[in-house]
Structure formats: structure tokens, C-alpha cells
Amino acid sequence: MRKSHPIRRAVLAGAATVSGIVLLLSLKPSSGPAAASAAGAAAQQTAAGQESPQGGAQAAGGGTVTGTVAETQYGPVQVRLTVKDGKVVKADAVQAPKGGLSDQKTATAVPKLDQEAVAAQSARIDAVSGATYTSTGYKQSLQSALDRMKAGAAGSSGSASSGAKGTAGSGGSAGSRGSAGGKGSGVSSGSSAGSSSSGSASGAATARTVTGRTVQTQYGPVQVRITVKGGKIVEADAVQAPKGGLSSQKTAMAVPRLNKEAVAAGSAHIDAVSGATYTSGGYRQSLQSALDQAGG
Amino acid sequence: MTTTLAGGRAARRQTMRRIRPRRSPAVPLLLAVWAGAAGVLWLWWMNTPSVAGTGGRILNAGRITGLLAGYLIALVVLQMARVPALERRVGSDRVARWHAMSGRYTICLVLAHVFLTMWGYALQAGKSLGDVVQQTVDSVEQLPDMGKAAVGTGLLVVIGLVSIGPVRRRMPYDTWYHVHLFTYAAVFLTFWHQISTGNDFAVEPAARTFWYGLYGAVTALVLWYRVITPIRLNLRHRMRVEAVIEETPGIVSVLIGGRRLHRMGAEAGQFFRWRFLAPGMRFSSHPYSLSAAPRPDLLRITVKAIGDHSAGLRELTPGTRVWAEGPYGALTASRRSRGKVLLVAGGVGITPMRALFETLPGAAGDITLLYRANSTQDLALWDELARIADERGARLMYAVNSPDGERPDISAESLQRKIPDIDHHDVFMCGPAGFAQSVYDALRGAGVPARRIHHESFEM
């Protein structure tokens with residue numbers, strides 16, 4: 001039997017907790033790669049090396065465009081569009097929720113969504129009832145694929161490289177989480193027109209893809225992936241961004257702009273997109289961590 | 001109908017048992033709890049490459065407190081799951097104190113988590129501390145499962161408030177108890193936002209599996225030991241009130257009959273939580289110790305009429321159905337080491353001591369009972385005790401106030417005078433908190449090591 005001192009015990013417990021948390025936080029680097037994150041970056045690089053660039057620059061005339069991966073509660077959704085003469089002629093999901101009931105829902109919902117996407121030529125399609133999460137993810141990935149298709153049309157502007165990229169892009173899209181390629185390569189080809197075709201062709205060999213950490217924002221996780229070549233960001237993209245309802249719209253509006261800003265600035269000192277401050281904040285943090293990893 | 005239960009065969013058999021001291025599993029359990037907390041922090045560490053800026057630091061402090069709170073709240077519920085290893089080996093009293101302590105701590109962590117996370121989000125959005133309230137409202141409206149989490153947190157706060165000492169003392173026990181049951185709802189409601197918005201669980205499937213495992217295991221244990229086990233126990237033994245006997249003014253014994261009661265595994269020194277299915281008593285259950293070794297057909301509790309519930313026991317009619325949960329409590333023969341035993345009882349604290357006095361293994365002269373009461377009239381069960389002392393060759397002493405109200409002298413010196421080899425005894429104690437404290441001090445003064453003083457206290 002011990003005499004208890006409730007106040008002393010409470011003070012001790014509080015002090016121990018606070019100092020423990022402060023210690024943990026101060027041990028974490030505020031920037032610069034930690035051993036763990038460097039190892040993580042290396043793993044991501046090897047994974048990225050195996051991915052062939054896929055995406056939208058070739059979409060000016062025809063080819064396939066793959067959207068970003070949309071994480072849903074039941075699994076990732078990723079949409080691939082086949083484009084001809086600037087029009088979507090075919091849509092299919094390269095990734096969709098699997099396992100158990102999800103298999104059935106995917107089997108019924110995805111063909112409907114594919115048809116709707118082709119009919120609407122936009123991401124404003126109806127959700128399939130009973131598969132709302134999959135539908136929402138599908139719409140997000142579809143939107144990003146459409147964005148890429150348009151960005152590709154603007155960026156490549158009839159350059160000779162579009163055919164070559166088209167063949168590379170249509171190859172390795174199945175199953176990979178990749179959102180490399182896309183708008184980023186469009187921007188890079190714009191910035192140095194002479195090297196654009198060689199850059200894109202050898203990009204998979206020399207460029208490093210680094211994924212930043214996931215930053216939780218109020219509206220959902222944001223995670224940025226950048227491709228770095230010759231010490232410069234040649235491409236930035238959000239692997240994860242807030243989704244659902246209003247967030248999807250904001251993401252569709254903000255993320256492409258943030259991607260461009262990141263490439264232009266070459267750092268995380270980029271302006272927030274107004275109306276999407278949370279996403280912008282999360283984007284900057286994830287971008288900074290990706291830059292930290294790429295630098296180390 | 002016999003009025004005393006002394007001299008049963010079952011009790012005699014127990015006195016012949018070998019003394020087998022058992023170590024309390026408290027230390028390994030506490031180590032496991034700390035290891036789990038370290039694992040939770042490690043999870044955060046692995047999923048956080050860097051912490052940038054004030055906003056990042058505050059948000060991450062929110063994440064750490066959230067992870068710890070999510071881990072601890074599962075253990076807080078587990079502590080009240082009436083798991084036999086905790087109730088009978090560690091001791092119901094100690095587990096209840098752990099529960100109160102960790103419960104308070106967890107609520108503080110939850111509040112810190114809410115505040116820090118919302119503050120961190122506000123800073124990340126370029127807002128200041130003043131926008132925390134608006135930020136909280138926005139988050140609850142917009143993030144998945146946060147509405148549920150907000151309701152759950154509100155419940156936790158209410159439960160925490162009614163458990164603060166002064167509030168609780170002013171509240172009827174039953175009201176307090178039923179408010180406390182909302183903890184299950186609160187834990188259920190707050191669980192989902194951990195999975196759907198928790199960074200570590202979104203990124204790490206193994207962490208998610210572990211979390212589901214932890215909460216699933218706790219749910220299973222609660223269902224098994226708080227619901228299914230009592231139902232099975234009561235269906236099997238079908239207990240009813242046999243008789244109510246007034247032992248002394250204000251102290252009554254209730255005899256409870258049933259089927260094969262010796263198969264319940266109750267030991268002397270343990271208690272059950274009793275619910276008497278009589279008007280006005282149906283909705284409350286109270287812990288009372290067995291005041292005799294269980295017999296195959298009969299259990300006995302002895303209760304001092306202090307509260308509404310215990311006073312109502314006097315009015316019980318034979319045949320009233322009884323719902324019992326137990327046995328619980330670790331103040332049993334397995335606590336003692338080899339050697340002599342001193343039992344100290346204060347007032348109605350005689351009940352578990354009476355059962356132990358009859359059943360503790362020991363030769364003549366090994367067992368001593370010291371019984372403290374206000375007057376000789378208040379020495380409940382005295383005749384029985386005297387008979388057991390005769391049969392076993394045990395020593396029986398009492399200490400009462402002198403006729404002019406002066407308290408008897410229970411000090412290190414007086415104890416040493418009465419029991420010269422007191423430092424070679426294990427001591428079992430039961431009585432009011434003040435009495436127990438003064439006896440404890442006297443015993444320590446007389447050279448009894450702390451680890452050999454066994455005491456159950458339900459003071460928080």
C-alpha cells in the first residue's frame with residue numbers, strides 16, 4: 001500500500017508526455033534527408049525506373065492517356081483513355097477495387113463508367129449507384145487524364161516527338177501507379193524545345209522520380225511526385241490529392257497549376273492557389289520532402 | 001437451516017492444500033503495455049520523414065497524442081473487461097486504479113490531440129490560433145468519419161467530467177455507472193476516423209491490420225467476459241436467496257443457494273458482483289465478499305447496511321433470484337508466501353478475513369486473526385470465528401474501543417508484544433481506508449516487509 005499523490009502523479013505524467021513529444025519532434029529533421037527517408041527514396045527510384053513513362057504528351061493526335069491514381073476506400077482507381085483526333089474514343093480502368101464484393105461492384109460499375117466517359121467527353125458523368133466510391137475515384141482519374149490530354153495537345157504542338165512517346169506510353173500502363181509523364185513532359189518540352197525529343201526518350205533512363213511524403217490536410221492526403229533530371233525538376237505531379245465533392249473540383253483546378261509552378265520555381269517556394277489553400281499547403285510540404293530526398 | 005457455515009468439508013479440504021505462492025503478472029503486463037506504446041511511436045517515426053515548420057511540429061504533436069490516445073483507450077476498455085488474469089491475479093482493486101489513472105490520462109491525450117491537430121491544420125492553412133474553432137467545425141463537417149468522432153469525443157468528455165472526484169461523490173452510483181457504459185459507444189464512434197484519416201493507417205496496411213486486431217481483441221474479450229461468461233455462470237448455477245440473517249445491529253448475512261456452487265471456482269477472500277432481482281434493486285450490482293468458503297449448495301455474503309443498496313438487503317425475501325458475476329479479487333491464499341499468517345479485519349472487513357481464517361492452509365498456531373470493531377457487540381460472526389479458532393488451533397484477538405470511547409492501541413510496539421515473530425508473517429488486511437493505512441504503518445514499523453502485506457483497497 002503506497003500513499004498516492006494524485007497531483008504529483010498528474011504533473012509528472014504531463015511533464016513526461018510533453019518532454020517525450022518535444023524530444024521526438026526535435027529528433028526529426030526539419031529538412032534534409034533522414035536515413036529512413038533516403039532508403040525510402042532509393043526504393044522509390046528503383047520502382048520508378050521500371051515504370052515506363054506513360055501519359056499524355058502524345059495525345060495531340062492520338063494514343064492513350066492515363067490518369068492519376070485515385071485512392072478510394074476500397075482501393076485505387078486509374079483510368080486510361082484512348083484518344084483519336086482530340087476525342088475520347090475509349091475509356092477503361094487499368095486499376096479498380098478488387099476482392100470480395102468489390103470485384104462484383106467493379107464488374108458492374110466500370111463498364112458503365114467507361115461508356116459514360118466516352119459519351120460525355122468529360123468527367124461530368126453520373127455515379128453508378130452502389131459503387132459511389134469507385135465512381136468518385138473514376139471521375140477523378142478521368143479528370144486528370146482529360147487534363148493531361150489537353151495539356152499534351154497544347155504542349156507538344158505538333159512536334160515530331162509525339163509519335164515516339166505514343167508508343168512508349170501505350171506500353172507499360174497496366175498496374176503501375178505511375179503518374180509520371182503527363183503535363184510535366186509537356187512543360188519540359190516547352191522550356192527546351194531542342195532537347196525535348198531526346199529528353200523524353202532517355203528520360204526513363206536518367207531522370208529520377210522521387211515521391212514526397214504524404215501530408216494530411218483537412219480535406220485529405222496530398223502527396224507529390226517529382227521527376228528530377230540534371231538537378232532540375234522537370235515534372236511534378238500529385239499522386240494523392242483531396243477528393244470528393246467540392247474537393248475534387250478544387251484539386252482539378254489547383255493541382256495542375258501547382259505542378260507548373262513547381263517546375264517553374266524548381267523549389268517549394270511556390271504560391272498557393274487561392275481557393276485551395278489547404279491543398280496548396282500540403283502540396284508544398286510534400287514537394288519539399290521530395291526535394292529533400294532528391295537532394296540527398 | 002444452519003446459521004453458521006463453519007466446519008464444512010470443502011473448507012477443511014482447502015486447509016490441507018499445499019502453499020503455492022503465485023507471482024502477480026502485473027510487471028510483465030505493464031512491460032507489454034509500454035512496449036505497445038513504443039511500437040505506436042515507432043509507427044509515427046517510420047511514417048514521418050521530416051517535420052517542417054511550427055505548423056508541422058504542432059500537427060505532428062497532434063498525431064502522436066492521437067496515436068497514443070487511440071492505443072490507450074483500447075487498454076482502458078480492456079482493463080474493465082473483467083479478464084480473469086487481471087481480476088484474480090493482478091487484483092480488481094489495482095486494475096480499477098490503473099483504469100482510473102489511464103482513463104484520465106487518455107482523456108487528456110484526446111483533448112490535446114483535438115486541439116493540436118486543429119491548430120496544426122489552421123497554421124498550415126495560413127491561419128492563426130484564433131481560427132481553431134472554425135477549423136474544428138470545418139474539419140468535422142468535411143473530413144470522413146469526423147462527425148462520429150466528434151460525438152464520441154463529446155461522450156468521452158462527459159464521462160471524464162462525471163468521474164472527477166467531487167462530481168462522482170455527489171452522484172448516485174448507478175447513474176454514474178450507466179453514464180460510464182457510454183464509453184463503449186464513444187470508443188466505437190472515435191475508432192473510424194483513426195482508420196480513415198490517420199496518416200499512418202492510410203499508408204501502412206500492417207498498421208491498419210494491427211489496429212483492427214487490437215480493437216477486435218478488446219471487443220471479443222469484453223463480449224466474452226462481460227456478457228457471455230456471466231450469462232453462462234447464472235444459467236448454470238441459478239442462484240436464489242435462501243435466507244437473510246441479522247448478525248449484529250446493522251450487519252446482515254445473505255445466504256444464497258444454487259446448483260453446484262463449488263464449481264464456480266470461487267476462493268476464500270474473493271467477491272462477486274451481486275444483483276438481486278427484487279424491486280428497486282434490479283438495476284444495480286454491488287461487490288460483496290464471500291464471508292465463508294463456498295459450499296456446493298450455499299454461498300454467504302455479509303454486508304454492513306451503509307448505502308441504499310446494502311440497507312435493502314435486509315428486506316430481501318427468500319426465493320429472490322440472484323444474478324452474480326465473478327469470482328473476482330486477488331486477496332486469496334495464493335498471495336501468501338510460506339510461513340505464518342496474520343489476518344487483520346476492521347469492522348465489516350471481517351468478511352473475506354473470516355473466509356480466509358477458515359481455509360488458509362497452516363498448522364496450529366500458524367494463523368492469527370486480529371479483529372477491530374467499535375464494541376464487542378459489533379464483532380459480527382464472533383461465535384463462528386471462536387469455533388474455527390478452537391478447531392484449527394488458531395489465535396483469535398479482538399480490539400475494541402474502551403467504554404469511554406478511547407481507541408485501542410494498534411502500534412508497532414503493541415503488535416510486536418502480542419505477536420513476537422510478526423516479521424515472519426504474511427499479513428492480509430481488509431477494512432476502511434484510514435484503518436488500513438494506520439495498520440500498514442504499524443506493520444511496517446514492526447518489521448513486516450511491504451511485499452508481505454496484502455491489502456485490497458477500492459479507494460481511487
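The following paragraphs describe chain B, the nonpolar cores and one sheet of a predicted model. Residues are numbered from 1 along each chain as its sequence is written, and chains are lettered from A in the order in which they are written. In this predicted model, local features need pLDDT of at least 70 and side-chain atom pairs count only at pLDDT 80 or more, while totals for chains, interfaces and linings use all residues.

Chain B contains 16 helices and 11 strands (DSSP runs, H or I of at least four residues and E of at least two, numbered from the N terminus). Of its 460 residues, 42% are buried, that is, 20 or more other C-beta atoms, placed from the backbone, lie within 10 Å of their own.

The largest nonpolar core (buried Ala, Val, Leu, Ile, Met, Phe, Trp, Tyr and Cys residues joined through C-beta atoms within 7 Å) has 94 residues, of which Ile226(A) and Leu287(A) touch the most other members. Helix H3 of chain B, residues 53–79, supplies the largest share of this core, with 15 residues. Apart from this core lies another of 68 residues, including Ala330(B) and Leu415(B).

Chain B also holds an open sheet of 6 strands, ordered E4-E3-E6-E1-E2-E5 with antiparallel pairing; strands pair if DSSP finds at least two bridges between them. Strands E4 (286–289) and E5 (298–304) of chain B each have a single partner strand, so they stand at the edges with one side lacking a neighbour in the sheet. Within the sheet, E3 (residues 271–276) and E6 (residues 321–328) of chain B pair in the antiparallel sense over 5 bridges. Phe276(B) has Val322(B), in E6(B), as its bridge partner.

Terms used
A residue is buried if 20 or more other C-beta atoms lie within 10 Å of its own, exposed if 12 or fewer, and partly exposed in between; C-beta atoms are placed from the backbone.
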